[in-house]
Structures are given as structure tokens and as C-alpha cells.
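Let's work through a few exercises together. Have a look at the structure first, then try each task before reading its solution.

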Amino acid sequence: MLSSDKRKELQKFALQIRIGAVEAFKARGFGHVGGSLSIADALAVLYGDIMKVDPANPKWEDRDKLVCSKGHAGPAIYAALALKGFFPYEDLKTLNQPGTRFPSHCDRNKTPGIDMTTGSLGQGTSQAVGLAMGDKIKGRKCRTFLIVGDGESNEGQVWEAAMFTAAKKVNNLVWLIDYNKKQLDGYTEDIMDMGDMRAKFEAFGFEALSIDGNDLEQLYDALTKEAGDKPIAVILNTVKGKGVQEVEDTVSNHSMTMTEEVYDRWLSELRAELEALG
Amino acid sequence: MKIVYNGENDGAFKDTLGATIAGLLEADKDVVYLDADLMSCIGTAKCVKSHPDRAINCGIAEANMAGIAAGLSAAGLKPIMHTFGPFASRRCYDQIFLSGGYAGNSVTVIGTDPGVCAAFNGGTHMPFEDMALYRAIPGAYVFDVTDTVVLEDILTQCKDIPGIKYIRVGRKSYKKMYEKGSTFTVGKGITVKEEGKDCAIIACGLMVAKAVEAAEILAKDGIRVTVIDMFTVKPLDEELVLKAASETGALVTAENHNKIGGLYSAVSELLAGKAPTPIEYVAIEDEFGEVGPQDYLEQRFDLTAEHIVRKVKAAIARKK
Ligand SMILES: Cc1ncc(C[n+]2csc(CCOP(=O)(O)OP(=O)(O)O)c2C)c(N)n1
């Protein structure tokens with residue numbers, strides 16, 4: 001259970017993550033808006049409460065790790081890391097600029113706090129398995145959190161990694177599936193229907209939960225759950241573009257190019273919400 | 001064949017891809033078009049409505065798509081598959097190699113956003129090695145497209161050529177090069193500029209227009225070069241390369257690709273065996289890609305007319 005203070009803190013953090021991501025998009029003029037916004041709440045709970053990390057020592061070996069296999073959601077993670085103090089907030093605005101440390105897709109060699117290089121969909125899953133298993137071999141008491149897209153789950157590699165995670169009991173790895181029901185060309189139901197994701201993960205040998213992935217309370221409960229022998233997979237039922245009404249209402253909201261005016265409108269909405277929280 | 005280069009931008013490849021694929025589906029009932037969740041990037045989403053049985057979105061599963069394409073070929077159909085270059089090459093290589101090439105199936109593969117054209121998608125999406133991979137498939141064809149006119153004609157030809165065909169092409173535009181409606185011959189390069197015999201620049205794709213620009217700069221210094229468009233990287237136009245080598249005695253290749261395995265390799269392999277000639281290259285220096293605007297990346301990786309100029313001078317200096 002979240003205390004009401006903690007919940008408010010995380011609500012604010014989630015809004016700040018959205019603001020940070022939108023500021024980065026605004027500086028560049030375009031970006032992967034929908035898939036960044038849909039995971040802002042999960043990131044708020046992870047970086048705001050669950051994960052042990054040290055901004056002063058991003059490579060601290062015993063830290064909890066995050067692998068965002070849908071690497072195009074980088075801007076949301078960069079915002080969370082900036083707010084945690086991994087690097088100056090203003091740096092977010094160098095997204096995709098020449099020589100930047102903040103590319104569209106997550107890059108462990110470039111960005112302090114980014115634990116894995118992703119962008120070729122599917123590949124982050126196996127890398128996360130290796131990372132978590134490596135921590136176990138090294139005797140580290142930490143967890144790895146893996147975020148996978150629903151469109152991304154079309155990739156066979158995702159299911160090879162899932163099979164391995166359960167078969168080899170890699171239970172210090174938590175799978176989070178961002179089931180926002182959309183991919184690049186449209187709705188997953190029309191392109192490659194992923195059906196009952198919870199049943200799929202259960203069949204693969206996971207303890208699978210299905211929650212509202214934009215609900216902080218449900219996220220907190222799922223992410224504080226201790227895994228037994230079976231690794232945990234959390235199906236996050238989310239909305240692509242969550243938190244900015246105009247983006248939620250746009251069917252094709254994967255990669256968006258907007259004018260400064262539009263971004264400013266989104267930002268003032270988000271800032272008003274933040275202010276209302278006190 | 002009329003060259004209409006005047007430094008202006010051509011239309012967007014994306015529009016030509018959308019129109020040509022739709023046209024092929026309409027004209028030939030054996031054509032099946034497969035994509036991996038990137039239809040909206042090349043304007044082909046409409047094909048799912050017009051030809052629901054033969055325009056198929058396979059989802060984000062490129063290796064599976066390549067295998068399905070091979071199976072469709074075995075069933076007597078003519079599969080054309082598209083995704084971004086790295087996923088059309090690295091991601092499904094073994095499926096293309098074995099289920100496709102080795103098994104004797106025929107697949108046309110379109111890989112978009114070659115090299116620095118991947119720009120804001122960054123290093124994970126920036127194929128500098130796709131031509132190397134496809135060149136290494138026995139009997140495969142590799143085309144690095146110059147403009148929309150080449151694209152339309154070559155893609156149309158590919159559907160009926162047996163074997164594995166790889167077309168690497170941008171989504172945005174390059175410079176206009178050929179008169180609309182021109183036709184091209186597989187295995188035959190095109191001399192797009194014949195100024196003189198000091199050196200020959202053999203270029204492909206994005207770099208052809210830059211080679212022409214370099215030739216214009218060099219002409220001001222009294223250096224007369226010939227520019228060849230080698231859009232057909234495999235099969236290479238060996239006759240044309242050997243002719244250029246013997247006439248000029250100094251060559252420069254230019255490609256939006258790693259120096260390993262692409263056009264420079266193809267030309268060098270030929271020359272080493274048949275006519276050793278001083279040769280310089282403009283290509284990626286065995287590096288990974290990175291994110292940024294395309295014009296920044298062109299500077300960053302030395303894919304510029306100015307760099308071609310430097311290399312031409314270096315090649316000429318090596319002549320005996
Ligand atoms: C292997 C691979 N194929 C294709 C792409 C291009 N691509 C980037 S994002 C995307 C859609 C992703 O959909 P999903 O995983 O559902 O992410 P979300 O909707 O949450 O943004 C595609 C096709 C890629 N990055 N990697």
C-alpha cells in the first residue's frame with residue numbers, strides 16, 4: 001500500500017517525467033511521444049521508490065537495473081534520470097542534437113544511468129536476462145526491470161527470452177509489458193494480435209499479473225511483490241500517449257512532429273496539473 | 001538515357017515506394033507485399049485495403065517475415081518485403097541466406113534509410129554493412145538506388161528476377177539524376193559525367209550526386225574526372241570499371257556504407273585481380289553509426305563532395 005504522501009510524491013514525479021520528455025521533444029521538434037508517455041507512471045514508481053540507484057555512481061554494481069527494450073521510449077527515462085540527478089536537467093534539450101548524449105534510443109555508452117543499449121526491438125529482452133543472471137552469479141542482491149512493448153512482443157526473441165527466464169528461474173528479473181494496444185502502423189489487434197498476454201506469460205511459466213499500468217497504486221503493489229521460484233511478469237494495461245489528452249486522442253501517436261506552440265500547450269496542461277497537487 | 005541533374009532535390013523515395021508497390025500489386029496477381037510494422041513509413045498502408053490478401057503486415061518480426069517470403073516464393077508467388085535497412089539485413093540474415101538464397105527461393109528485399117539516412121533513429125538503425133551482407137550471399141543482387149527513377153524501374157524489374165534482390169533506398173529524397181521514365185540494366189553502371197581522364201569516381205546511392213558536385217569543383221581546378229553511377233553494386237559492371245581504370249589510371253569510390261564489404265571492396269577485388277590501379281575511397285571508416293541530423297552525419301563521417309575532391313587529388317598523386 002502506498003501512503004498518501006508517497007502517492008502524491010509519485011504523482012508529481014510522473015508528471016515531471018512527462019514534462020521533461022515533452023521539453024526534450026519540443027527542443028528537437030519531434031520524437032516518440034506515445035510510447036514515452038505510456039510508461040511514465042511505471043518509471044515514476046520504479047525510479048521514485050522501488051529501484052536502488054546512485055546518481056553519483058551510475059555504474060554502482062549492486063544497483064537495480066532497468067532495461068527498456070522498447071528503446072525508443074528513451075526520452076521518458078532520460079527525464080526520470082535527470083530528475084534523479086544523474087545529469088543536469090537542461091541536458092534533456094540536447095535530444096538528438098549533433099554529438100548528444102541523448103539519442104532517440106537508449107544507449108548505455110552515452111547516457112549516465114542507462115543500463116542497456118536498445119532500439120532494435122526484441123534485443124533488450126535477452127540482454128536483460130543475461131544482466132540479471134550475471135548479477136545472480138556475482139551474488140548481488142539486486143533486481144533488473146525489463147520494459148517490453150506490445151508491438152515489440154511480435155519478435156520471436158522476446159519469447160525465447162521469456163522461455164529462458166522461466167525455465168532457468170531468473171526470478172531477479174521482472175518483466176513489464178507495456179500493453180498500450182498500439183504499435184507503429186496502428187492497433188496491435190489489427191497488425192499482430194497479441195491476445196491474452198497474461199495467459200501467454202503464465203503458459204511460459206511466469207507468475208503473471210495484469211494491472212492498470214497507469215495506476216500508481218497498482219504499479220506499486222506489483223513491483224513490491226517478491227518473486228518466488230517463478231519470475232514475475234506484469235502486464236501493464238496502459239494508454240499510448242497517456243497524460244496528454246491531445247496525444248491520447250491521436251490515433252497515430254507513435255512518432256509525432258509538432259510546432260512549439262503545441263508542445264507549449266501540452267506543457268502548460270501538465271504544469272497546471274502539477275501545481276494543483278501543491 | 002538523359003541526365004537531368006541540376007542540384008535540385010528529387011521527389012521523396014517514400015512516395016515512389018508507395019506508388020510502385022501499389023502498382024505492382026495491381027498489375028501482377030502473383031506479387032505479395034510484406035512489411036514489418038513500417039507500412040506507414042513508406043505510404044503503403046493503403047495497400048492493405050486495396051489488396052488485403054497480398055499486402056500483409058507481419059508485425060515486428062523480420063526473421064519470420066523473411067521465412068514467410070521464402071515460403072511464398074516456393075508456392076510460386078513473388079514476395080517483396082520491406083523494413084528499415086538494418087532489420088532487412090542483419091535481423092533476418094540467416095533466413096534470407098538459407099530459406100531464401102540457399103533453398104533457391106526468390107525474394108525482393110527493400111531496406112530503407114541506408115547509412116546516415118537513418119539520422120534521428122541513430123546508431124541502432126544505421127546500416128553501414130547491409131551491402132556487405134547481401135554481397136556475401138551467392139548470386140544475390142545489390143542495388144544502391146540513385147533516385148526515384150532508378151527505384152521505380154529496378155523495383156519493377158526485381159519482382160521477375162529469380163534469386164535474392166536487395167534494394168537499399170532512402171525514404172526522403174536525394175538529388176534528381178535521371179529523366180523520368182528512364183530504364184536501367186542490371187549489371188550496367190552509368191557514366192553520368194565525362195569531363196576527362198584524370199580520374200574516375202565510381203559512386204552509388206546518396207553519393208552519386210555528391211560525386212557530380214565534386215567533379216564540378218575539380219573542374220574549376222582544371223582536374224577533369226569521369227563520374228560513374230554504380231547503382232548495381234552486385235553484379236558489378238566490371239567492363240565499365242576496367243575501362244575507367246585503363247582510361248584514367250586512378251579511381252575513387254564513394255558510398256554511404258562501411259569501406260568494408262561494399263562498393264570499395266567490390267571495385268578493389270576486381271582491380272586487384274585484373275588491373276591493379278591506384279584507388280582511394282570515400283566511405284565509413286569502420287565505425288558504428290550515431291544519432292543526429294543527416295547533414296551533420298555526412299560531415300561527421302566525411303561523406304561530402306569536399307572529401308571526394310581530396311580523395312581524387314590523392315588518387316591522382318599516386319599515378320605513376
Ligand atoms: C527490430 C525492429 N524492427 C522495427 C523497428 C521500428 N520500430 C520502432 S518502434 C516500432 C513500434 C513499436 O511498438 P511497441 O513495441 O508497441 O512500442 P510502443 O507502442 O509502446 O511505442 C517499430 C516498428 C525497430 N526499432 N526494431
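Helices (H or I, at least four residues) and strands (E, at least two) are DSSP runs, numbered from the N terminus. This is a predicted model, where local features need pLDDT of at least 70 and side-chain atom pairs count only at pLDDT 80 or more, while totals for chains, interfaces and linings use all residues. Residues are numbered from 1 along each chain as its sequence is written, chains are lettered from A and ligands numbered from 1 in the order in which they are written, and side-chain values use heavy atoms, with hydrogens and water left out.

**Exercise 1. Find two backbone oddities.**

Start in chain A. Asn96(A) isn't a glycine, yet its phi is positive, at about 60°. To place Asn96(A), look in the loop between helix 4 (74-84) and helix 5 of chain A.

Now hop to chain B. The peptide bond from Lys234(B) to Pro235(B) is cis, with omega near 0°. Pro235(B) sits in the loop that runs between strand 10 (232-234) and helix 9 of that chain.

**Exercise 2. Work out who surrounds the ligand.**

First, the rule: a residue is near a molecule if one of its heavy atoms lies within 4 Å of it. There are 24 residues around the ligand, and those that come nearest are Lys70(A), His72(A), Asp150(A), Lys240(A) and Glu62(B). Since the surrounding residues come from chains A and B, the site is shared between chains.

Next, sort them. Ala, Val, Leu, Ile, Met, Phe, Trp, Tyr, Cys and Pro count as nonpolar, Asp, Glu, Lys and Arg as charged, and the others, Gly among them, as polar. That gives a shell of four nonpolar, 10 polar and 10 charged residues.

Then check polar contacts, meaning pairs of N or O atoms within 3.5 Å. Lys70(A) has a side-chain N or O atom 2.7 Å from a ligand oxygen. For Lys240(A), a polar side-chain atom is 2.7 Å from an oxygen of the ligand, and for Asn180(A) the distance is 2.9 Å. How much of the ligand does the protein bury? The answer is 99% of the 590 Å² that the ligand exposes when taken alone (areas by the Shrake-Rupley method with a 1.4 Å probe).

**Exercise 3. Describe the largest cavity.**

A cavity is a set of points, on a 1 Å grid over the protein atoms alone, where a 1.4 Å probe fits but cannot get out; lining residues have an atom within 4 Å of a point. A volume is the space filled by probe spheres set on the points.

Count first: the structure holds four cavities of 30 Å³ or more. The largest cavity has about 70 Å³ of space. Its lining includes Thr191(B), Glu194(B), Ile228(B) and Leu240(B).

Which elements each supply at least two lining residues? They are strand 7 (190-194), strand 9 (225-229) and helix 9 (238-248) of chain B. Helix 9 of chain B gives the most, with five residues. By class, the lining has three nonpolar, three polar and four charged residues.

How values were computed. Polar contact = N/O pair within 3.5 Å; in protein donor to acceptor, adjacent residues only side chain to side chain. 1 Å grid on protein atoms, 1.4 Å probe; cavity = no way out; pocket = protein on both sides within 12 Å on 5 of 7 lines; lining within 4 Å.
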